[in-house]
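Student: Could you take a close look at one part of this protein for me, the pockets, and then walk outward to the ring contacts and the strands around them? I work at the bench, so plain talk is fine.

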Amino acid sequence: MIYFDKVSKVYFVGGPAAVENITLGIDPGEFVSIVGHSGAGKTTLLKMLFAEVLPSEGAVFFGSRDIAGLRNGDLLQLRRNIGTIFQDFRLLPTKNVYENIAFALEVAGKADEDIQADVPHVLELVGLSDKIWSFPHELSGGEQQRVAIARAIVNQPDVLIADEPTGNLDPINTHDVVEILKKINDLGTTVLLTTHNKSVVDAIGRRVVTMDQGRIVR
């Protein structure tokens with residue numbers, strides 16, 4: 001499904017490579033953890049997958065398509081097939097839980113009746129049915145991250161990118177988020193997770209790619 005073909009990324013002419021000569025294939029339905037210290041190139045690699053940045057050399061393929069060659073309409077469709085969650089949640093503070101998740105469906109052009117059915121369903125999946133009318137400031141960090149996960153998967157993406165999703169969480173909430181991500185993967189979604197937390201990697205127990213200074217070292 002996803003293939004990085006000899007990919008390098010240099011942000012500034014003459015500067016160091018954030019990612020250097022990466023070749024990596026990820027099959028549909030895999031759960032892959034990408035680990036490494038801050039600055040190892042993990043986030044840059046994932047940003048190239050949804051074309052937030054483009055490679056300086058090489059190519060990134062989603063299915064049979066070179067992402068860098070996609071036109072705006074095709075790129076928008078690609079991004080709808082990729083859900084993203086981040087360390088800092090990125091919820092809309094003036095919208096309640098229902099509205100935060102519904103917003104993702106509204107942007108995708110879903111009908112009101114579909115939104116009314118899909119939001120409660122996805123909240124049940126992440127264990128937050130009782131928080132549907134709460135606002136972000138009324139939730140714990142772990143609950144906010146579960147709302148962010150619900151928002152990322154409500155459009156049923158093929159791929160979920162989780163960039164340091166447990167970085168701001170305590171061990172109990174970290175465990176809960178990891179279990180939810182494993183459940184999502186078991187339902188067929190490809191999951192790409194970046195982390196520097198060894199306990200997270202051990203808890204997932206799936207394929208691990210280690211990066212250092214922009215290269216895959218293991």
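Tutor: Here is a walk through the pockets, then the ring contacts, then the strands.

Keep in mind that this is a predicted model. Let's start with the largest pocket, which has a volume of about 620 Å³. There are 20 residues lining this pocket, and the ones closest to its centre are Arg79, Ile82, Gly83, Thr84 and Ala104. If you want to find the walls by eye, look for helix H2 (72-80), strand S6 (82-86), H3 and H5, each of which gives at least two residues to the lining. S6 has the largest share of that lining, with four residues. As for chemistry, the lining of the largest pocket breaks down into 12 nonpolar, three polar and five charged residues.

Now go over to the second largest pocket, at about 390 Å³. Here 17 residues make up the lining, and nearest the centre you'll find His121, Leu125, Ile153, Gln156 and Leu187. For this second largest pocket the largest share, five residues, is supplied by H4. Its lining sorts into eight nonpolar, five polar and four charged residues.

H3, one of the elements lining the largest pocket, also takes part in a ring contact. By the rule used here, the count of aromatic pairs is one. The partners are tyrosine 98 and tryptophan 133, with 5.3 Å from centre to centre and 35° between the planes, which makes the pair tilted. Why does this pair tie together separate parts of the chain? Tyrosine 98 belongs to helix H3 (residues 97-107), while tryptophan 133 sits in the loop between helix H4 (112-125) and helix H5 (141-153), so the pair links parts that are 35 residues apart in sequence. The two partners sit in contrasting surroundings: tyrosine 98 is buried, because its relative accessibility is 16% and the cut-off for buried is under 20%. Tryptophan 133, on the other hand, is exposed, as its relative accessible area comes to 58%.

While you're in that loop between H4 and H5, look for glutamate 138 too. Glutamate 138 is partly exposed, with 47% relative accessible area. From there to leucine 76 is 33 Å in space, C-alpha to C-alpha, and the two are 62 residues apart in sequence.

Rings also turn up under charged side chains. Arginine 90 lies over the face of phenylalanine 86, 3.7 Å from the ring centre. Phenylalanine 86 falls within S6 (82-86), so you're back at an element of the largest pocket's lining. Elsewhere, lysine 9 lies over the face of tyrosine 11, at 5.4 Å from the ring centre.

That last contact takes us to the strands. Strand S1 (residues 2-10) pairs with strand S4 (residues 57-62) in the antiparallel sense, over five bridges. To get your bearings there, pick out serine 8, whose bridge partner in S4 is glutamate 57. S4 also has strand S5 (residues 65-66) beside it in the pairing: two bridges join them, and they run antiparallel. Phenylalanine 62 has arginine 65 as its bridge partner in S5. S4 and S5 form a hairpin with two residues between the strands, and in it glycine 63 takes a positive phi near 65°.

Conventions: Residues numbered from 1 in each chain as written. Predicted model: local features only at pLDDT ≥ 70, side-chain atom pairs only at ≥ 80, totals over all residues. Heavy atoms only, no water. Phe/Tyr/Trp six-rings, centres within 6.5 Å; stacked < 30°, edge-to-face > 60°. Buried < 20%, exposed > 50% of the residue type's maximum accessible area, 1.4 Å probe, protein only. Lys NZ or Arg CZ within 6 Å of the ring centre and 35° of its normal. 1 Å grid on protein atoms, 1.4 Å probe; cavity = no way out; pocket = protein on both sides within 12 Å on 5 of 7 lines; lining within 4 Å. Points joined across faces, edges and corners; volume = space filled by probe spheres on them. Nonpolar A, V, L, I, M, F, W, Y, C, P; charged D, E, K, R; others polar. Pairing = 2+ DSSP bridges.
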